[in-house]
Amino acid sequence: MTIQLPSPLTRITPGWRHADTLTLYVKRDDLIHPVISGNKWRKLAPVLAGLPDSCTGMVSFGGAFSNHLHALGYACYCRGLAFTAIVRGDYRSQPTPMLQDLMAWGATIRYVTKKEYGLRESAAYLNELQHAFPTHIIIPEGGSQSAALDGIATMIEEILTPFTFLLVPVASGATLAGVASALGDPQRAIGIGVLKGEGYLESLVERLLSVPRSNWHINHDFHFGGYAKRPAALREFCEAFSRECDIPVEPVYSGKLFYALKSLVENRYFAPGSTVVAVHTGGLQGSRKTVI
Ligand SMILES: *Cc1c(COP(=O)(O)O)cnc(C)c1O
């Protein structure tokens, strides 16, 4: 398995208004692996490190572009574990590059209706699934469970440069929860919601934190209309940012994160002299048009 750790911490000096009053870094978790998405790898690492001998495979859930299913499918392939992916919707006639990768790695794909997918957290459904796969470990959607927080914490431990603010995208909240539990005083975590979820996203983070913390909040101004919505202004920003900073971004997660960073910098959200780290969580595989 070719996972590269620690991921680099790259300084950026974009020509944004007021950027020259700050020190800006990008934590390049997108470089952990050529295709595996950074934060999904971090979230899975503690689970993979502690697998019981009795485990012969994994079962998990996701959409047709899921960075999580992709990372988990690859990990299972590398370890000779079976993998069953429960996918929302029927893509048998048009599998996405992500699904084609899973098939190439020997995964079993079970396409389910939206209705069945909706049961993915129900205790009765999970019980049934565990009976059907007695020697498999069932991992929740997005790999978001309390064990994932320790994996995210390793990302913070790798940052040896002092900083005050750290920005991460938020979907299921585990990355932000992991970051919030790992930061020290007076560091602050700012989550950028990538979907419309004011209140809901906060509740997800709170549910994952074993000890409540007040060093984080979520900014809801940059979801661009909802999950995976990609209006022209966002797509153009992604292209311009990739070119200017030589860091590839996609519109679902990192594009929204860096758009938010630019806006906060230009609006003087950060006091001059601050050091700000934006975490590039990866995700480029999801916007691919081709298979590996
Ligand atoms: C899943 C994902 C996120 C969101 O992380 P959560 O822990 O679900 O909030 C961010 N970036 C990328 C690239 C992802 O794949």
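## Ligand site and unusual backbone spots

Reader: Which loop holds Pro186?

Author: In this predicted model, Pro186 sits after α7 and ahead of β8 (188-193). Its bond with Asp185 is a cis peptide, with omega about -5°. So that we have the place by its flanking elements, Pro186 belongs to the loop between α7 and β8.

Reader: Where is the residue that follows Leu5 through a cis peptide bond?

Author: The bond in question runs from Leu5 to Pro6, and its omega is near -5°. As for the place of Pro6, that is the segment before β1 (9-12).

Reader: On to the ligand: which residues come nearest to it?

Author: There are 16 residues around the ligand. The ones that come nearest are Lys40, Asn67, Ser172, Thr175 and Thr281.

Reader: What distance separates the polar side-chain atom of Thr175 from an oxygen atom of the ligand?

Author: Two other polar pairs are worth a look beside it. Lys40 places a polar side-chain atom 2.7 Å from a ligand oxygen, while Ala174 uses a polar backbone atom, 3.4 Å from an oxygen of the ligand. For the side chain of Thr175, the distance to a ligand oxygen is 2.6 Å.

Reader: And how much of the ligand's accessible area does the protein cover?

Author: On its own, the ligand has 380 Å² of accessible area. With the protein around the ligand, the covered share is 98%.

Reader: Which element gives the most residues to the shell around the ligand?

Author: First, the setting: the ligand sits in the largest pocket. Elements giving two or more residues to its shell are α1 (38-49), β7 (165-170) and α7 (174-182). The top contributor, with 3 residues, is α1.

Reader: How many polar residues does that shell have?

Author: Split by class, the shell around the ligand has 5 nonpolar residues and 2 charged ones. The polar count is 9.

Reader: Why does the ligand lie between two domains, and which are they?

Author: Both domains give residues to the shell, so the ligand lies between them. They are domain 1 (9-35 + 145-287) and domain 2 (40-143).

Reader: Back to the backbone: what is the phi of Asp246?

Author: Phe224, in the loop between β9 (216-219) and α9 (232-245), has a positive phi of about 55° without being a glycine. Asp246 lies in the loop between α9 and α10 (254-266). Asp246 isn't a glycine either, yet its phi is positive, at about 60°.

Technical notes
Residues are numbered from 1 along each chain as its sequence is written. This is a predicted model: local features need pLDDT of at least 70, side-chain atom pairs count only at pLDDT 80 or more; totals for chains, interfaces and linings use all residues. Side-chain values use heavy atoms; hydrogens and water are left out. A residue is near a molecule or strand if one of its heavy atoms lies within 4 Å of it. A polar contact is a pair of N or O atoms within 3.5 Å; within protein, one must be able to donate a hydrogen and the other to accept it, and residues adjacent in sequence count only if both atoms are side-chain atoms. Accessible areas come from the Shrake-Rupley method with a 1.4 Å probe; for residues, only the protein chains shown count as cover. On a 1 Å grid over the protein atoms alone, a cavity is a set of points where a 1.4 Å probe fits but cannot get out, and a pocket is an open set with protein on both sides within 12 Å along at least five of seven lines; lining residues have an atom within 4 Å of a point. A molecule sits in a cavity or pocket if more than half of its atoms lie within 2 Å of its grid points. Helices (H or I, at least four residues) and strands (E, at least two) are DSSP runs, numbered from the N terminus. Ala, Val, Leu, Ile, Met, Phe, Trp, Tyr, Cys and Pro count as nonpolar, Asp, Glu, Lys and Arg as charged, and the others, Gly among them, as polar. Domain bounds come from an automatic or database domain assignment.
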